[in-house]
Amino acid sequence: MYLLFDPETSLPVFTEGDPRDDGFEGPIKPNVTLDRPQDDQPQLGHPAVADDQRCLGVSNQDESRYRVFDSLDECENADFRFVSAWQGHVYESWDDYSRAKLGL
């Protein structure tokens, strides 16, 4: 899995495929994992239901391990660092994310 940040919104986007294959030229982080709660497991390409409290954190012990938490307190108590509010952007490819963002 790959992590990148949308150049227009700065939101984190996870993709299954390498975004460079779709022409993405910004920085990426390859070989990351993402742990999400069961109720945050929508089909690829369909964002999870927004929850104002949920956040994305990265492990202080393993920079390639990301996890969605129900709250900032939960994130910090698990020895993770806050990355951003969680918007649920997990897609098969950068192209899929770009089309979804445009409403296509």
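When I speak of a contact in this talk, I mean heavy atoms within 4.5 Å of each other. With that in mind, and remembering that what you see above is a predicted model, let me begin with the chain as a whole: among its contacts with a separation of 6 or more, 53% are between residues 24 or more positions apart. The chain has 104 residues, of which 35% count as buried, and it exposes about 6,000 Å², with carbon and sulfur atoms supplying 45% of that area.

Turning to the secondary structure, there are two helices and eight strands, and if you follow the sequence from its start you meet them in the pattern β-β-β-β-β-β-α-β-β-α.

Let me take the strands in two groups. In the first, four strands form an open sheet with the order 3-1-2-8, and the pairing within this sheet is mixed. Its edges are strand 3, at 28-29, and strand 8, at 90-91, each of which pairs on one side only. Strand 1, residues 2-5, runs antiparallel to strand 3 and is joined to it by two bridges, and if you would like a place to look, find Leu 4, which stands opposite Ile 28 of strand 3.

The second group is arranged around strand 6. Strand 5, residues 55-59, is antiparallel to strand 6, with four bridges between them, and the two are connected by a hairpin of five residues; here Val 58 has Tyr 66 of strand 6 as its bridge partner. Strand 6, residues 65-69, also pairs with strand 4, residues 33-35, this time in the parallel sense and over three bridges, with Asp 35 standing opposite Arg 67.

Which residues, then, make up the largest nonpolar core? There are 10 in all, namely Leu 3, Phe 14, Val 32, Leu 34, Leu 56, Val 58, Tyr 66, Val 68, Trp 86 and Val 90, and strand 5 and strand 6 each supply at least two of them. You will recognise Val 58 and Tyr 66, the bridge partners I mentioned a moment ago, as members of this core.

Leu 34, another member of the core, is a useful residue to centre your view on, and, if we set aside its neighbours within four places in sequence, its contacts are Met 1, Phe 14, Leu 56, Tyr 66, Arg 67, Val 68, Trp 86 and Val 90. Apart from the largest core lies another one, of six residues, including Leu 4, Phe 24, Trp 94 and Tyr 97; Leu 4 is the residue we met earlier, opposite Ile 28.

Technical notes. Residues numbered from 1 in each chain as written. Predicted model: local features only at pLDDT ≥ 70, side-chain atom pairs only at ≥ 80, totals over all residues. Heavy atoms only, no water. Pairing = 2+ DSSP bridges. Core = buried A, V, L, I, M, F, W, Y, C linked by side-chain atoms within 4.5 Å. Buried < 20%, exposed > 50% of the residue type's maximum accessible area, 1.4 Å probe, protein only. Areas by Shrake-Rupley, 256 points an atom, 1.4 Å probe, with all protein chains shown as cover.
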